[in-house]
Amino acid sequence: HTNLKKFPDAFFWGGSTSAYQIEGAWNEDGKGPSVIDMANHVEGVTDFKVASDHYHRYQEDVALLAELGFKAYRFSIAWTRIYPHGSGEVNPKGIEFYNNLINELIKNNIEPIVTMYHFDLPYALQQKGGWSNRETIDAFETYSKTLFANFGDRVNYWLTINEQNMMILHGDAIGTIDPNLENPKKELYQQNHHMLVAQAKAMKLCHQMLPEAKIGPAPNIVSIYPASAKPEDVLAADNFAAIRNWLYLDMAVFGRYNNVVWSYLEENGYTPTIVEGDMDILANANPDFIAFNYYTSQSVAESTGDPSDINHTGDQHITIGEQGVYKGHKNEYLKTNEFGWEIDPVGFRTTLREIYSRYHLPLIVTELGLGAFDQLEEDDIVNDSYRIDFLKKHLEQLQLAISDGVEVFGFCPWSAIDLVSTHQGSSKRYGFIYVNRDEFDLKDLRRIRKQSFYWYQGVIASNGDKL
Ligand code: BG6
């Protein structure tokens, strides 16, 4: 582009977190246990009991976000604070906490963007089958109603389910599927169907109860590259894109199953049971926008038909293939971060263009970030220049996508403040604000502004002119 478009006025510059990764206070004030609280945590990494202690420090945290210049803050509500057992009695202390947090944000001119459910399903529901049980749809609908009724006077932006596609593709990682099942994939696609219906019901309810509010899904969407220009590789990439990305957004936006995915489900015996009325519910719900999380593109090759499709090379972040469908491929053009994740800013632009040209809905980026072992130096300095470089390169691509005509209304990278990584503990950091704790030593949990804090402050103050 010779003529770069500017970031829109009133752009939602912000950052993201999720309840179980930041709040701590895992069993305080009536909160019930979630599947995350009950999981056997990965050896050598922390659990989520204290996390960043945000539950007790939210005022200080919001003040820091305001100082940073945040226009919006994306956080999630812990279902188990509102309904300790997933359904039944509302816990007033839970309502009170989020009222306080939302009020604090509004006082500081920060728009709250609320994720209704970010991985932390109430354990009581899981014990009754979780998303395999249709009753969980009703529990989610009741929970949604409670959220809209209590917070809808102040919350204008709602995200239904965080990364539903990752929960289905990596079901065993979140503790919502029994790994010993004979056909876990069939069960996962049944759960998926129930989640899609639950999401559709929540979107409809939101529009009925809160005509001014906006609601959308929040999957993880990334461009899928073929390993080469070989037509069979291109076809494999197209198939994987349908299975990984479009299944979820086609349903949310068009209210129908993607045809490529449906035939894949049929061929493998994974089709879900659909009861009468489901397809109407799905067809009659519409999102107002698409929120999506992006970390890096993925690459796949044509299936070999044998188990080598699933490349367990020890490099866990290279796309895991599926036997007979596609083979995982490491992209030789991309560098990786300290955790082996590929870094692909151009793929971010491609992803934005793909989503927009497919659905023509406004987009908001609700996660994107660099996990790193940041070092706290003397005099409270954290020089995370690598994070600045990473975010700058992605913002340049975002501006290019905007210049391509893609409608984007916000950028909320992961994460606003250091928090506990979903799989790799608390020393894998993502935030603009350092939280002084180690994997097992909680230290003083004090907050320290990183270099990236000052850089992002300048970006926001200039509305993206000064990257
Ligand atoms: C996304 C999740 O999948 O990626 C976050 O929505 C998660 O909850 C983030 O923390 C980064 O992944 P990780 O494993 O590095 O924490």
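Start at the ligand: select the 15 residues around it, and look for Glu163, Gly371, Ser421, Thr422 and His423, which come nearest. Keep in mind as you go that this is a predicted model. Now colour the shell around the ligand by residue character: you will find two nonpolar, ten polar and three charged residues.

**Zoom out to the whole chain**

Switch to a cartoon view of the chain. Its secondary structure comes to 16 helices and 13 strands. The radius of gyration is 21 Å, close to the 23 Å that the globule rule gives for 467 residues, so the chain is as compact as a globular protein of that length. If you would like a box to frame the view, the C-alpha trace spans about 60 × 55 × 45 Å along its principal axes.

**Walk across the sheet**

Next, hide the helices and bring up the open sheet of eight strands. Reading across, the order is β5-β4-β3-β2-β1-β11-β10-β7, and the pairing is parallel. To find the edges, select 214-218 for β5 and 290-293 for β7; each of these strands pairs on one side only. Turn the sheet in your viewer to see how its neighbouring strands sit: on average they are turned by 25° against each other, direction ignored. As a reminder, strands of a sheet pair through backbone hydrogen bonds, either parallel or antiparallel.

Now stop at β11, residues 408-411. On one side, two bridges join β11 to strand β1 (residues 12-16), and the two run parallel. Which residue of β11 stands opposite Phe12? Select Gly410 and you have it: Phe12 faces this glycine across the pair.

Then look at the pairing of β11 with strand β10, residues 363-367. Three bridges join β10 to β11, and these strands run parallel too. Here the pair to click on is Val365 and Phe411, with Val365 standing opposite Phe411 in β11.

**Finish at a pair of helices**

Bring the helices back and select 54-68 for α3 and 92-107 for α5. The two pack at an angle of about 5°, with their axes 10 Å apart. Because angles under 35 degrees count as roughly parallel, α3 is roughly parallel to α5.

To see what lies between them, show side chains. From α3, pick Tyr55, Tyr58, Gln59 and Val62; they meet Phe97, Leu101, Glu104 and Leu105 in α5. How do the residues of this contact divide into nonpolar, polar and charged? Six are nonpolar, one is polar and one is charged.

Conventions. Residues numbered from 1 in each chain as written. Predicted model: local features only at pLDDT ≥ 70, side-chain atom pairs only at ≥ 80, totals over all residues. Pairing = 2+ DSSP bridges. Helix = DSSP H or I, 4+ residues; strand = E, 2+ residues; numbered from the N terminus. Axes fitted to C-alpha atoms, helices over the stretch in contact; angles between N-to-C directions. Near = placed C-beta within 6 Å. Nonpolar A, V, L, I, M, F, W, Y, C, P; charged D, E, K, R; others polar. Parallel < 35°, antiparallel > 145°, perpendicular 65-115°, else oblique. Contact = placed C-beta atoms within 7 Å. Rg over C-alpha atoms; globule rule 2.2 N^0.38 Å.
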